[in-house]
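Me: I would like to go through this model by question and answer. Please show the sequence and structure.

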Amino acid sequence: MENINNKYINVYKRIIQNKKIKMKWRETLDNIILSVIVPVYNVSEYIDACVNSIIEQSYDNNIEIILIDDGSTDGSGLKCDYYKEHYKNVIVLHKENEA
């Protein structure tokens, strides 16, 4: 379990280092009080329920949702992109599968 957590921590660090995303955070998410990182791999059947349950929380726009698509092949990545386009507090990172 520790290796999996370290892998996602490293991915999160890469997200933070990306200047474009840093600028997006500054412009749209000034008052973040909670970050939710969701690992995504071939969960097309479940991703809508997962993301919608996070979006519906009572934090309004004070929550950021980071979806990390680990090379899904079932359309999960496209669903992540949908949420990114429709919600300013959703960030998506697509990467190659590392198993």
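Me: Which residues are linked in a network of salt bridges?
Reply: This is a predicted model, in which local features need pLDDT of at least 70 and side-chain atom pairs count only at pLDDT 80 or more, while totals for chains, interfaces and linings use all residues. Residues are numbered from 1 along each chain as its sequence is written, and side-chain values use heavy atoms, with hydrogens and water left out. A salt bridge here is a side-chain nitrogen of Lys or Arg within 4 Å of a carboxyl oxygen of Asp or Glu. Asp70 pairs with Lys95 at 2.9 Å, N to O, and Lys95 pairs with Glu98 at 3.2 Å, giving a network of Asp70, Lys95 and Glu98.

Me: Which parts of the chain does the pair Asp70 and Lys95 tie together?
Reply: Helices (H or I, at least four residues) and strands (E, at least two) are DSSP runs, numbered from the N terminus. Asp70 lies in the loop between E2 and H4 and Lys95 in the segment after E3, so the pair ties together parts 25 residues apart in sequence: that loop and that segment.

Me: Is Glu98 buried, partly exposed or exposed?
Reply: Buried means under 20% relative accessible area, exposed over 50%, and partly exposed in between (1.4 Å probe, protein chains only). Its partner Lys95 is buried at 13%. Glu98 has a relative accessible area of 47%, so Glu98 is partly exposed.

Me: Which residue forms a salt bridge with Asp48?
Reply: The partner is in helix H4, 31 residues from Asp48, which is in helix H3. Asp48 is partly exposed at 29% relative accessibility, and the partner is partly exposed at 27%. The closest N and O atoms are 3.2 Å apart, and the residue is Lys79.

Me: How many disulfides does the count come to?
Reply: A disulfide is a covalent bond between the sulfur atoms of two cysteines. The cut-off used is a pair of cysteine sulfur atoms within 2.5 Å. The sulfur of Cys80 is 9.1 Å from the closest cysteine sulfur, in Cys50, so it is too far for a bond. The count comes to 0 disulfides.

Me: How many residues make up the largest nonpolar core?
Reply: A nonpolar core is a set of buried Ala, Val, Leu, Ile, Met, Phe, Trp, Tyr and Cys residues joined through side-chain atoms within 4.5 Å. Cys80, with a relative accessible area of 0%, is buried, and Cys80 is one of the core residues, as are Val38, Ile54 and Tyr83. E1, helix H3 (44–55), strand E2 (63–69), helix H4 (76–86) and strand E3 (90–94) each supply at least two residues. The core has 12 residues in all.

Me: Leaving aside neighbours within four places in sequence, which residues is Ile54 in contact with?
Reply: Contact means heavy atoms within 4.5 Å. Ile54 is itself in the largest nonpolar core. With those neighbours left aside, the residues in contact with Ile54 are Val36, Val38, Ile63 and Ile65.

Me: Which residue has a positive phi although it is not a glycine?
Reply: Most residues other than glycine have a negative phi. The exception here has a phi of about 50 degrees. The residue is found in the loop between E1 and H3, and at 28% relative accessibility it counts as partly exposed. It is Asn42.
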